[in-house]
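Biologist: I would like to learn how to read a few features of a structure with you. Could we begin with the broad picture and then turn to single residues?

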Amino acid sequence: MATNLDDFRNATVNIAVVGQSGSGKSTWVNMFRDITDKNDPLYAETGGRSTECTTEVSCFEFKDNKNLKLWDVPGAGSAKFPVKNYRKVTKMKMYDAFVFLTRSRFMETDVEIAKLIEKTKKPCYFARTHMDVDMQNQIGKLNQFQPVEKQAKLETFADDLRTECKNALRGIQNLANIFLVTSRKDKDMQGWIPDNEKLKDAILDNLTEIQKTALSLSLVCRTLEQVDAKEKELKLWIYAASLSAGAAGAIPIPGVPILIDLPIIAANFFHQKKALGIDKSAIEKRTMGYKKRVWSEKEFLDEVKKELEKESELAAWIPTIFATTVAEAQVSITAALVTSSATSAASATATAAATAAATA
């Protein structure tokens, strides 16, 4: 376990996203980082299936942590990326993990590249993209069936696609799963749930502990399990912050100035809000449509407070997580770090807000 804040802040993660043109790499890179605005400077340009979008190895950073990077790596077979030089040209040794995408099926060239990746001893996750399109087409063929039977047939269809991909990748060792991922989140798939979040969890699970902490704190939670996992990671951050603040004399003692710990405590507080997705911009973006309306940060947090105030154990600590000034943050978080039960209450309050945002 890392106990130094710099361990978290300086951890690097490099994930290669591999696949032929049209496989949906750019779309996946945007979705994984939760970037939807095409005017965002970090947005990865996307194109049609016939467009040669990726002709260079391209790096895409995370908005809040430039040490976390996804690398869009072109597929092999072109003059610029021949199979025999692919490992060297794409600098395979530098990546911590690989995500290998295909639009429909893995081809012979893909298998050759997969074998090269295998030699790096780094984890590789194989995924079939555009499942929202494939499922919509399949649903159109099943209109005569009742919902339960229709869902069963969709599951069978998904299993058949996984088997088809696995058969194409015969000879690849440790091929545990084929992830079926969608390009959009707003399609009704009649009860079938894509593997987008399972893929995210698998990537996190195979990183080092410090890398896992750094990446998980920069990802948007889409499931309650991910909120719980992020809460655990934030507790490590709280512990590290308390040690840093304590070393600087941050714990208030009568007659001893507390100004020296202000940057540590305040930065830690606002980092937690951002990581849990309850900062101003995240709330206004992610709660659109919750209860069929658009929420401001204050309105949404007031709504969460209303629910939390029903729990007497948490009521006294609601101001801790919703402090609006650096001074309030300093006082309330310092108190929370000193009292373990208070820290638990504050964490629970933060988690409840993050859960509401994740399920909105």
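What follows is a conversation about the overall fold, some individual residues and the cysteines.

Modeller: Please keep in mind throughout that this is a predicted model.

Biologist: How many helices and strands does the chain have, and what share of its residues is buried?

Modeller: The secondary structure consists of 16 helices and 6 strands, and of the 360 residues in the chain, 46% are buried. Among contacts with a separation of 6 or more, 63% join residues that lie 24 or more positions apart. The chain exposes about 18,200 Å², of which carbon and sulfur atoms supply 53%.

Biologist: Where does Asn196 lie, and which residues does Asn196 touch when those up to four places away in sequence are not counted?

Modeller: Asn196 belongs to helix α7, which covers residues 196–205. Leaving aside residues up to four places away in sequence, Asn196 touches Met31, Leu180, Val181 and Thr182. With Thr182 there is also a specific approach, in which the side chain of Asn196 reaches the backbone nitrogen of Thr182 at 3.0 Å.

Biologist: Why does Asn196 count as buried?

Modeller: The label rests on relative accessible area, and buried means under 20%. Asn196 has 17% relative accessibility, and therefore counts as buried.

Biologist: Which sign does the phi angle of Asp34 have, and where is Asp34 found?

Modeller: Asp34 is not a glycine, yet its phi is positive, at about 60°. Asp34 sits in the loop between α2 (25–32) and β2 (58–62), and Asp34 is buried, with a relative accessible area of 11%.

Biologist: And Lys121, is that residue buried or exposed?

Modeller: Lys121 is exposed, at 74% relative accessibility. Lys121 likewise has a positive phi without being a glycine, in this case of about 65°, and Lys121 is found in the loop between α4 (108–119) and β5 (124–128).

Biologist: Let us finish with the cysteines. How many disulfides does the structure hold?

Modeller: In general, a disulfide is a covalent bond that links the sulfur atoms of two cysteines. In this structure the number of disulfides is 0. As for accessibility, Cys59 counts as partly exposed because its relative accessibility is 33%, whereas Cys165 counts as buried, at 1% relative accessibility.

Conventions. Residues numbered from 1 in each chain as written. Predicted model: local features only at pLDDT ≥ 70, side-chain atom pairs only at ≥ 80, totals over all residues. Heavy atoms only, no water. Helix = DSSP H or I, 4+ residues; strand = E, 2+ residues; numbered from the N terminus. Buried < 20%, exposed > 50% of the residue type's maximum accessible area, 1.4 Å probe, protein only. Polar contact = N/O pair within 3.5 Å; in protein donor to acceptor, adjacent residues only side chain to side chain. Contact = heavy atoms within 4.5 Å. Disulfide = S-S within 2.5 Å. Areas by Shrake-Rupley, 256 points an atom, 1.4 Å probe, with all protein chains shown as cover.
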